[in-house]
Each structure stands twice: as structure tokens, then as C-alpha cells.
Amino acid sequence: MLKQLTQQDLFELFDRLAEQYHLLMPTLLTDGSRELMPWPGSKAAAIDGIIPSMAGEPIQRKPTSHFFPQTDPLVFLKPDGTVSVPQPPDKPLALCGLNREDLAAVAFVDRFFSAEPADDVYLAKRSGALLIGLSGHCGDGSHGDHFLPLAQGLCDIELIAEEPNEEKKEQEKQWLAVVYNAVGEQWLSGFAAGSPQRLELLRHKSVTMGHQQQELLQQASRLLQADQVPDSFWQEISSRCIRCGGCNFVCPTCTCFCVQDRTTTAGTQRSRIWDSCQLDAFMREASGHNPLGTELLRTRRRIHHKLVDDPKRWGEISCVLCGRCDRACPTGIGMVAVCEELVRRFTS
Amino acid sequence: MQSFSNKPAQSIYSPRGCTLLHVEELTPQEKLFRFVLDDGSALGHQPGQFVQLSIAGLTEAPISIAGSPTRGPQFELAVRNVGTLTGALHQLQVGAKVGIRGPFGRPFDLAALQGKHLVLIAGGCGLAPLRSLIQYCEDRPQEFASVQIIYGARTSHCLLFKEELKAWQNSPHLSCCYTVDQAVPDCDHDTPYDGEQGLITDLFEHLFERCIFTAENSCAVIVGPPAMYRPVIEELRRYGFTAPRQIMLSLERKMRCGIGKCGHCTIEHLYCCTDGPVFWLEEVETLRGAL
Ligand SMILES: Cc1cc2nc3c(=O)[nH]c(=O)nc-3n(C[C@H](O)[C@H](O)[C@H](O)COP(=O)(O)OP(=O)(O)OC[C@H]3O[C@@H](n4cnc5c(N)ncnc54)[C@H](O)[C@@H]3O)c2cc1C
Ligand code: SF4
Ligand code: SF4
Ligand code: FES
């Protein structure tokens, strides 16, 4: 199903969605960054000047954190011996504004947590949630021409911003909406049909976008699989790591966690908390044995896990090239930076 | 101390309640705990599997099931006191309530062991998981051609299941030899240690000299501390254990969830908690950091 929406149509759609979902929308924060925030309603948006910021800087908070938050209650253990699980949210989430890479990350993590035994704690938040992808002419310029490549799936509804018309005002911005399933259809059935030709043009425009970086990852993955990268390389890269764990914490496909108990008179809350394989204690056993006991091994694992181990296990590279770790790493050794160096040095 | 519900698990993270029935001191550091599930059901485990033992406030620890399922619905855990949770467990009295999740993990491949001459090799705490298999062999002797147990501990004080070692030595269905790196004067008892002394690999020569089987119709199972694997494997190879599916091992890793989610136990693309902890040697030998 393909629909055509004006900015006003879009706001009406959001108002309707917000009745059934906790709708989160890209919103500009005072420091200039963007974050998915609750949709305030189109009236409030107009009055308070809170305009959803559909275009702009990439959103640094990982989208998967809405389903797998930094601290995530697992079970509550009461003193009388009963065990309770967290209450499901009163309304499912609707995340609006996920780009192609973020949608790919959610799809990967969905698959990871759905593998047997399915992770009910994750699925309680994820099941019934609505994903609204965002693409087209709403980028920040980093993808060239302020254009985000089309996701072409992996979500319920994809909103594609059409090319801005210089004479038209922001309010007259036009959107194409591609609907990928019955849930999406239910929400968009009332709107005017969109033009397949215009969609095709936009599709054409995004065909080759991101291919260069994809190729870089593939090349790095092949070199690693062929064991062409010596430990001296990892030694060198790891000497630049300050073990802050930032790369893991921002990564939308990182899912490692540790478990923590907090006890009050009411009982014990057992929760999981994000963990980082870049920290020394990550694999250290009580006996002192530590299979990731050196900086070298941990740095190697960070890259290997995404480019060699996950492809072996899940059939795909688990880096979606979202750019977050490269933006977050204080010493410039995020995924793309490492792959560039690795490919440059070891491609014969 | 917190007790746990015996209602069916609501979540993959919900512990099931069980009660401590019996505690026995094995060494100054290790105790054997016998539990029963509060809902009266059997644990339903197979030799080689583990549980996530839970104490409210102290999270969980993976502990191997030290007894065979052939021994009834109660289950035993042999636990070394090394830290917070294991320390608290050692303080528990009979009647105490704890939680467990599981059984988890890939068990010893009993089908592959059937009809074979078994060489069961344990080092240190590794005797706990191996005991589940040893008891199974004791109870179903007709399923195996022969069973040879080889066990090594650091000192004579650290020997686990001392009485059972003797019983296994005298069993018509099992053979058992053990050694300690170092015999220390026994301060608690009058009887000094009079067994073998030396490395576990020293026992091999002696064993294979008088053995009635050949490597081809045998399977070795190894459970021990990380440092033990390579020397023992090398020795087994010297005696002809070179074919695939001839050496099985159980590996220990840090585990927080036991079900393939937390990521702490990975060995390259494998998850020790679900793909293991029992592996065939050839599945892990070339993986970096596995052995
Ligand atoms: C499959 C398997 C089977 C095991 N079987 C036995 C057994 O039969 N008997 C026995 O005595 N021990 C066994 N262990 C080791 C046992 O799990 C650890 O000794 C125990 O987790 C230590 O917990 P602690 O809180 O007492 O120690 P602490 O030193 O207080 O632990 C420090 C922290 O590290 C964590 N930690 C350290 N090592 C491990 C680990 N290996 N797995 C998970 N978390 C860890 C603890 O949970 C804690 O958060 C087994 C481990 C595994 C993986
Ligand atoms: S670019 Fe970095 S943060 Fe993004 S998916 Fe890849 S590894 Fe993770
Ligand atoms: S963000 Fe950079 S410095 Fe921090 S742990 Fe990751 S690689 Fe190391
Ligand atoms: S223990 Fe959590 S993934 Fe294996």
C-alpha cells in the first residue's frame, strides 16, 4: 500500500496513533541533538513550538534501548517466596523516525532475543510495538543531499520525505507512506494514494547509498575470516582503547548484560544491566580464569564478534553501520575507523 | 533468607523454589548440597547439565548437577566456597529455601558413549559434573563396555568424594584411580594419605599398560580446570585417541543467564551455556581461547 500525506495529515495520524501507542518522535533537544521523545499532540506541538524534528543529526540513543533498556527489570522476588514478572506496558510503543540502519538493528536484536528460549522480558516490550521508518529528504547532510536511503521493509510503515519544494513552506511538505503489513494498513487506509513513479525515483536514488561502507565491512570480514590480521594489529588498536565501554553501550546490536539484585524490605528486584565486553571483568570467572584477559583479546573480540562470529551464527554481519560507535569512541577506534585501517593495511 | 515460589515458571528468568534437604562437608572448601523442588517434580536433568542457583540479593551462579537422574527426584550440587553467593550457600542450614533455573546446557552425549570403553577424567572441582555420569554408569553398567575413572586433585585435602572414590575402586562395574599433586599431612584425621602422588597425566601410562581396550573402541570425557585440558589431550592422543568424537569435554565460562542471552560465555560463535558446556574436542579445539 502506498499513500500520500501532507504534513498536516501526518500530524493527524500521529494524534490518532498516540491514543493507542506510546508514540515516540524524533525531537530536537536544546543542545541541538535529537532524541525519540513522547509525541506531545499536534495542538501542544503548535502551541509550545515543539515540532517533531524529522530531519537532522543522527539520533545517538540506540533504538533498541526502548525494548532492551540499560536497566531492565527481570523478576521480583518477594520475601514470601512468590516471584513476579514486570507488568506489561499499558500501551505498546510506537517508534517513529528509525532510519534504515536502525531498523536493521532492531530486526537483528528481534531475531537474537526470539531465538529459543525466547526472551519474554524483551518480547513483552517489543510485541505489538509499531515501527515507523523514516527516509528520503530528511537527512542531516552526512548522507549527501540530506537524503536518507529507503529502508524498504523491516518496519510497519515507512515515511519517505519528498524533495522539498523551495517555494512551498515546511507545513506543505509532502510525504509518501509505504505500508508493509496489515497493522500499517489499518492506520493509513483513509489517506490518498501515493504515486508509484515518485516512489520509484526515490528508490532509485537510494540504490547504491551506503554501498562503499558495506563493501568495507565485507572486506574486513573476509580478511578476519581468512586470519589475515595479526595480533600486533590488535595490540596497536587496543593500546588506544581507554576501556570506557562506550562503543558497546551505544551499539544497537550489542545485547550483552549482567545481572544485579537490589533488596529492600519489599523484596528483591533482579534486573539486567548492559555490560561491555571491553571491560576486564566481562569474562573473568570466580577462579580467576579469564578468556578475555587482555586488552588485545577484548579489542579483537569487539570487531570479530560482529564480523566473524555473528555471521557464523546468524548468517549475517551484525554491524548495521549506524555510525554510533565511531561517533562515541573518544579515541577514534570505532568500527568503521578500525575496518578502514585494517583493510588498508592487510589487503594485498 | 529469601524463599522462592513453587508455581510454574512465568518467565525464563523466574527461579523455581527448592528446599535444602541435606548438607555434607566434602573438604574445608567444598560442600555437597541435596535439594528437592518444592512442587515435588523431578529436576529432569541429564548428566553434564547445570542449574542457575539463585539466592535473593546475590543473583545467581551456574552450578553443575553432581548426581545422576537415575538416583531419584532429589538433586545434588557440590559447591566450592569462592565468593559471595557460594559463601552464602555454605552458611545455609537444612530446610533453607533457594531458587533454581534449569536444567540447562548440552549434556554428555550418552548415545555416543553407549557400548564404549569410557575413560572419565576429572581434575579438581571437575569431579562434581563428572559424578553425574559416573553414577549413571554405576546404575546402568550394561550400557557401557567398561568405565575407568581418573581423578587428580591439588592436595590430599582437596580430594572430593573420598568415600565414593574408594567405593568406585571396589565396584565390579568401575575402575578408579586418583592422584594428588601434593600429599599433605592430614590434620583432621589420623589416617594419612596413602594414595598416588603426582600429576594426573602420570596415571595414564600405568592405566594403558594394563588396559584391556584399545583407543578405537573408547571414548574419553574430560572435566577440569582450564590448565588441565591441553596436557591431558596430548597424553590421550599419544595413546591413540585421535579420531573425531573420541574426546568429549565440559568447559567452564562465566555465565549470567544460562540460556544464550547475556553473552558472557561465548567462545567465538559458540555459547558455552547452550551449545555446551559439553563439547566434542573437534568442535572447540581450533577456537581461540577455548582451551
Ligand atoms: C557450567 C558451570 C558449572 C559450574 N559448576 C560448578 C560446581 O559444580 N561447583 C562449583 O563450586 N562451582 C561451579 N561453577 C563455578 C561457579 O559458578 C562460580 O564459582 C560461582 O559463580 C562463583 O559465584 P560467587 O558469587 O560465589 O563468587 P564471586 O567471586 O563473589 O563472584 C564474583 C562475580 O563474578 C561472577 N562469576 C564469577 N565466576 C562466574 C562463573 N563461572 N559464572 C558466572 N558468574 C561468575 C559471580 O556471579 C559474581 O557476580 C560452575 C560454573 C559454570 C560456568
Ligand atoms: S557502527 Fe558501531 S555502533 Fe553501529 S552497529 Fe556497527 S558496531 Fe554497532
Ligand atoms: S569506545 Fe573506544 S575507547 Fe571506549 S571502550 Fe570502546 S574502543 Fe575503547
Ligand atoms: S550464560 Fe548467558 S549467554 Fe551463556
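Colleague: How many salt bridges are there across the interface of chain A and chain B?
Modeller: The rule finds four in this predicted model, a salt bridge being a side-chain nitrogen of Lys or Arg within 4 Å of a carboxyl oxygen of Asp or Glu.

Colleague: Which residue forms a salt bridge with A:R300?
Modeller: B:E268, with the closest N and O atoms 3.5 Å apart.

Colleague: What is filtered by pLDDT, and how is the numbering done?
Modeller: The model is predicted: local features need pLDDT of at least 70, side-chain atom pairs count only at pLDDT 80 or more, totals for chains, interfaces and linings use all residues, and side-chain values use heavy atoms, without hydrogens and water. Residues are numbered from 1 along each chain as its sequence is written, while chains are lettered from A and ligands numbered from 1 in the order in which they are written.

Colleague: How many residues does the contact take from each chain?
Modeller: Chain A gives 48 residues and chain B gives 40 residues, where contact means heavy atoms within 4.5 Å.

Colleague: Moving on, which residues surround ligand 3?
Modeller: Among them are A:C241, A:C244, A:C247 and A:C329, along with A:R243 and A:R302; a residue counts if one of its heavy atoms lies within 4 Å.

Colleague: And by class?
Modeller: The shell around ligand 3 has seven nonpolar, three polar and two charged residues. Cys counts as nonpolar here, and Gly as polar.

Colleague: What about ligand 2, which residues are around it?
Modeller: They include A:C251, A:C319, A:C322 and A:C325, as well as A:K306 and A:R324. By class, the ligand 2 shell has eight nonpolar, one polar and two charged residues.
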